[in-house]
Amino acid sequence: MKKIAVVFLSLFCVSAFLEEKDPFPEIEKYKLKNGMEILFADFGQLPVTSVNMFFNVGTKNETPGQQGMCMLTTDVLLMGNEKYSRVEQDRCLFRIAGDISVSSNSNFTIVSADFLNKDSEMGMGLLSSAIMKPLFRQQDVDEQKEFYLATNKTDKIDASQLAGIYGDYVTFGLQHPLGRHFYEAQFNKITTAQIREFYSFNFTPGNCKVVITGKCDRVKMKELLEKCFGGWSAPYGEMNSSAYDIPAIKDKEYFFVAKANAEQAAITWTKRAPEAGSKDMLAFRVANNIFSDYLMNEIREKRGYTYGIYSAFSEGDNTGVFRASTQVRNEVMYSTLEAFDVVLNDFYAKGPQQKDLDKIKARMRAGLMSIEDPGSFAMLINPLVYKDYSKRKGVLAEFDKLDLAAINKVIKKYFTPDSYKVVIAGNGEVLNAQLTKLTALKRLELGVIERDE
Amino acid sequence: MKRLLIFLSCIFIAEQASAFVYPVFDTLLANGLKVIVCEKPATVAGEGFAELEVWYRVGSKDEKDGTRGMAHLFEHMMFRGTKNYSGETFTHRMDSVGAEWNAYTTFDRTVYHEFLPVAALDMAMMLEADRMQNLDVTQEILDTEREVVGQEYRNGISNWYRKMQLDRYAMLYPQGHPYAVDVIGNLDEVTSFTSEQCMKFYNEHYSPGKAFVIIVGDVKHSDVFKTAAKTFGAIYVVPEQIAVGSGYHPMLNTHVKGLEMNMDFPLQIYCFSFPQPPASDKDFFAFDMIMSVLFSDDNSILNERLVKEEHSAFGVVSVGEAWSLFPSRTQVDVFMPPSPGNLRVKKAIREEIDDVIANGLPQEKMNDFISNLEASQIMGAYYAENIAHELGMAEYYFRDYKKADTMIDSYKAVTQEDIKRVAGDYMRAEQVDVINIKPAE
């Protein structure tokens, strides 16, 4: 009997060992009667539940004249509903140290709720009331609009924000939802009725996938889900199919936007990235992380031009481009452009060294393996980005397979040294002598984005 | 000198109100360095991670005129190489194991932290011990890093709110107070530091007797203690005792240097500033509870009234450090659209403060505050960094990390009489200055 127990124990240990390198647990799929899809995944040992609702709506869904609509809708979503006033809702959440938050980006919107298991009934009640029965009160909408307009005036925001906004404009253009930015005359025309319409169309059980992580009692949670969300119906059932074109970036183009009295110059470089679902994605992410380190090493560590320079790309919010950005002392603006070119040229011509590839793989691997909370873990599962979960389970093996040849292949494709769009924002008077060295520089007026096309 | 403190042995019953959920141990090395270890199991099967933090009892409070910004600059220099390992070697070793590493500086303290696989913990402890005793500041590297810090300063003043905060900061404290200059320092001084000044600062403030180490993660404390003895234990320094909050700098009955400011941004801010007791003060827990319940929590009395009900402000936010070694000043910012009608906001806040002085805080709000703390401690136990921070704050400010376990009890012991007395002492009309910050005409 003892021997059998030992054998069983050994088999269990071997099995556990074989599985232990994969951070992705088994997932249980569950569907409510109204069609809302739920994915359950155990994570962690604390008695906490994290409910994450991924809605397929973002800036991409804003039509001309609707700039800022998604941001406004999601902000006012948590400002009171038919069951709980804003004050009541926030008091209940505070009492249980629960959290309901909403964030939106270009492609999707996430509403997340975290609470202790003992408070799951209260947490789910608060979440479902906020999602299903928001009031969108006129006063709240007006106040949010006033706040956004006050804090986003293009002649008041800092140079780095300007470079980002105008970087989107020159990359995508005003005919593209990601190229537009809200402005006073347009934003003030958005009515509460329009917000309700935007909400009704996009915040539906059919346009949402839910990931529940943590360590919850699934039987109880399923009962709660049916109780809280089972009665949610909406005329629009299926996932939004809104998609957008990704513009080509074929040449080097330089743009300047003036920021009076700016203390420093902000610079952004935008280049094409793989499209969502591309087989290049993993290798590209690794390559871009190495590139970002090379920029930091050259422009900060060696030259001391900047506090930081980063080449950023989000697989979770893939807009089809990646962007490097920094802020530097005015007097080294042009030198920074030159230094960037040196790094990019070198990266394209020689590729990375093995030790740098190993380093980035270690960092990204650690990033996956060291996730501590169920909410962050849910982002790894994001079903709107990672549509085939079975492939996620193999991501560590894919990491291990990546070699210099694979990285160099994507570098030749995406890190070409002769194509990018650069936006410089800063003090025109101080920077003028350096700007004149840039051939075919296009100077942008602040008001150029204040149009709808 | 080994002690064991099991805050709560079984995480599966952690839904009950308590403090930390994992066992904590400590040891004191012969050179005066305390090492605190919390055994937090791995979240993901297969690979354990650990948070390593080295807390130094040095911050901008320790700077003199001419070296303003030195503590923060030092935070940068500590990554730039020792007599044994170059800065590149440090970076490479950390990066090669996928470590996340950084540091931060406040008025009181400088903390270096790494989050990395447990398998690399010995290596990280060796590197931390090495830079505790062998830092090598060369003028060449200093020249580059001074510019980087200068750029960090410019990043700050490029943002309207941070620039306003820096400008305002100069108005808050009397000359000679340890918090009289912002942590970032003065740009002209930072960009002219010499390597000699840096080494003098290092020799004065970086030693085992003026630091402690915290490790939280999937580790065995006995293993960590052995490594600590081999690495940090090899640094020989006579233990030095520093009194908590040594040197008293009374703030009661002091005032800010001006009540009007302009900024280049289309908002108006009322900054409510009044004296704040240090963490070691008997009034600290009552004061902190008032700050949360009246001002800074999302559902504070003033956020509910001004933001959610009357819609007369965008937000009420408490900025600055709640915990300090020395008596300090609060800064509570009330954000509004610029309007002459904002005077009623100022009046409303005064009314609410006076109500607390006369009647205390609503009991329901105090109960919610405690409930929130209890639940937050379980939610927060997911994060090794969060646990390390809680332990570190208790060890730093109370010289006893175990205080973290009884912190909630200290809040529970606060009575309505305490609330009324403390509100009266620190927040009565004569103690409160309101700086009116608005766009230039």
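Two residues are in contact here if their C-beta atoms, placed from the backbone, lie within 7 Å. In this predicted model, that criterion places helix α11 (residues 343–359) of chain B across β9 (268–273), β13 and β14 of chain B. The helix α11(B) runs at about 25° to β9(B).

The strands beneath this description belong to an open sheet of five strands in chain B, ordered β8-β14-β9-β13-β11, with mixed pairing. Strands of a sheet pair through backbone hydrogen bonds, either parallel or antiparallel. At the edges of the sheet in chain B stand β8 (260–263) and β11 (315–319); each has a single partner strand, so one side of each is left without a neighbour in the sheet. From one strand to the next, the twist averages 20°.

One pairing may be followed in detail. β8(B) pairs with strand β14 (residues 433–439) of chain B in the parallel sense, over four bridges. Within these strands, B:Asn262 stands opposite B:Lys438 in β14(B).

A further helix of chain B, α9 (residues 284–296), lies across β11 and β13 (331–336) of chain B. Its direction is about 155° to that of β11(B).

The description now turns to the contact between the chains, which takes 50 residues from chain B and 49 residues from chain A. On the side of chain B that touches chain A, the elements that give two or more residues are α2 (87–96), β6 (110–117), α4 (139–158), α10 (301–309) and α12 (363–380) of chain B. The most is given by α4(B), with nine residues. By class, this side of chain B has 23 nonpolar, 14 polar and 13 charged residues.

How values were computed
Residues are numbered from 1 along each chain as its sequence is written. Chains are lettered from A and ligands numbered from 1 in the order in which they are written. This is a predicted model: local features need pLDDT of at least 70, side-chain atom pairs count only at pLDDT 80 or more; totals for chains, interfaces and linings use all residues. Ala, Val, Leu, Ile, Met, Phe, Trp, Tyr, Cys and Pro count as nonpolar, Asp, Glu, Lys and Arg as charged, and the others, Gly among them, as polar. Two strands pair if DSSP finds at least two bridges between them. Axes are lines fitted to C-alpha atoms, for helices over the stretch in contact, and angles run from 0 to 180 degrees between N-to-C directions.
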